[in-house]
Amino acid sequence: MRIDVITIFPEYLSALDVSLIGKARAQGLLDIRIHDLREHTTDRHKTVDDTPYGGGAGMVMKPEPWALALEAAVADSAEVELIIPSPAGAVFNQQMAYELAEKEHIAFACGRYEGIDERVYEWAAEHPRIRVRPVSLGDYVLNGGEVAVLAMVEAIGRLVPGVIGNPESLIEESHSNGLLEYPVYTKPANWRGKDVPEILLSGNHAKIASWRTSQQLRRTAQRRPDLLAAVDPETLDAQGQAE
Ligand code: ADE
């Protein structure tokens, strides 16, 4: 899978050289290319921003370098999914990560300051090879898109086949069935007076599976009741039958 990231702070993305994503890059499973937006400016000062029309605080990113940078990033592909991190986008979630992990080529445009000139979104939406979507990490404001890209590339990249050594670990994690993950324990069985739940020592796999689903439901109801409405009824039914 190819991932292009355009930013004015390429060094921010150096974390993508580390750990599982770094390893996947070295193995060629993820072809991640980081580009400096300033290389697509045409003036001596490499200007990427200017004052907003209509007045107001802060600066707005100029459209010209963005179009040149994006044209270069999509030049070799028939279709590119362009994600523009923005607090004004749709909220990123696991479903989106699954969907994007299927794509051959995705690109991220990291805005800074007050954002990117709106005409870049319009231009990208009209471009025959680009499918554009503004995406937010959550309902809070970051200083720019770079940290959001780190989070999204990790969430998407780990779903690409081969990136995680043991693909089974993707099956029962939080959000994979719409619920939060069940609690996990390791040795010792008693630690500072606290026991591991006895059922986990029973060796009864059916009972353990059922206990884990009930823990998932309990935890989700307590911490994220908003998620319960969207859970597949089969998940809830299977639990009801097991009890
Ligand atoms: N840029 C600034 N805030 C952001 C957010 N919440 N999500 C994604 N990109 C952003």
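Me: Before we start, where do the domain bounds in this model come from?
Reply: Happy to help! This is a predicted model. The domain bounds used for it come from an automatic or database domain assignment.

Me: Thanks! How far apart do the C-alpha centres of domain 1 and domain 2 lie?
Reply: The protein chain is divided into domain 1, residues 2–167, and domain 2, residues 174–242. Taking the C-alpha centre of each, the separation between domain 1 and domain 2 is 36 Å.

Me: What box do the C-alpha atoms of the protein chain fill?
Reply: The protein chain has seven helices and nine strands. Of its 243 residues, 25% are buried. Along the principal axes, the C-alpha atoms fill a box of roughly 70 × 40 × 40 Å.

Me: Which strand gives the most to the shell around the ligand?
Reply: The residues around the ligand include Pro 85, Ser 86 and Pro 87. Strand S5 covers residues 80–91 and gives three residues to the shell, the most of any. So the strand you are after is S5.

Me: How many charged residues does the shell around the ligand have?
Reply: Among the residues around the ligand are Leu 137, Gly 138, Tyr 140 and Val 141. Sorted by class, the shell has seven nonpolar and five polar residues, and the number of charged ones is: none.

Me: Is Tyr 140 buried or exposed?
Reply: Tyr 140 sits in the loop between strand S7 (130–136) and helix H5 (146–157). The UniProt record, an unreviewed entry, lists Tyr 140 under "binding site". A residue is exposed if 12 or fewer other C-beta atoms lie within 10 Å of its own. Tyr 140 has 7 such neighbours, so it counts as exposed.

Me: And Val 141, buried or exposed?
Reply: Val 141 is also in the loop between S7 and H5, and the unreviewed UniProt entry lists Val 141 under "binding site" too. With 8 C-beta neighbours inside 10 Å, Val 141 counts as exposed.

Me: How far apart are the end C-alpha atoms of helix H6?
Reply: Helix H6 runs over residues 205–223, which is 19 residues. At 1.5 Å a residue, H6 should span 27 Å. The value in the model agrees with that: 26 Å.

Me: Where do the buried residues of H6 fall, seen down its axis?
Reply: In H6, the buried residues are Thr 213, Gln 216 and Thr 220. Seen down the axis of H6, its buried residues fall within an arc of 55 degrees, so they line one face of the helix.

Key
Residues numbered from 1 in each chain as written. Predicted model: local features only at pLDDT ≥ 70, side-chain atom pairs only at ≥ 80, totals over all residues. Helix = DSSP H or I, 4+ residues; strand = E, 2+ residues; numbered from the N terminus. Expected span 1.5 Å × (residues − 1). Buried ≥ 20, exposed ≤ 12 C-beta atoms within 10 Å, placed from the backbone. Arc of directions from axis to C-beta. Near = placed C-beta within 6 Å. Nonpolar A, V, L, I, M, F, W, Y, C, P; charged D, E, K, R; others polar. UniProt positions renumbered as here; feature names shortened; annotations may be inferred.
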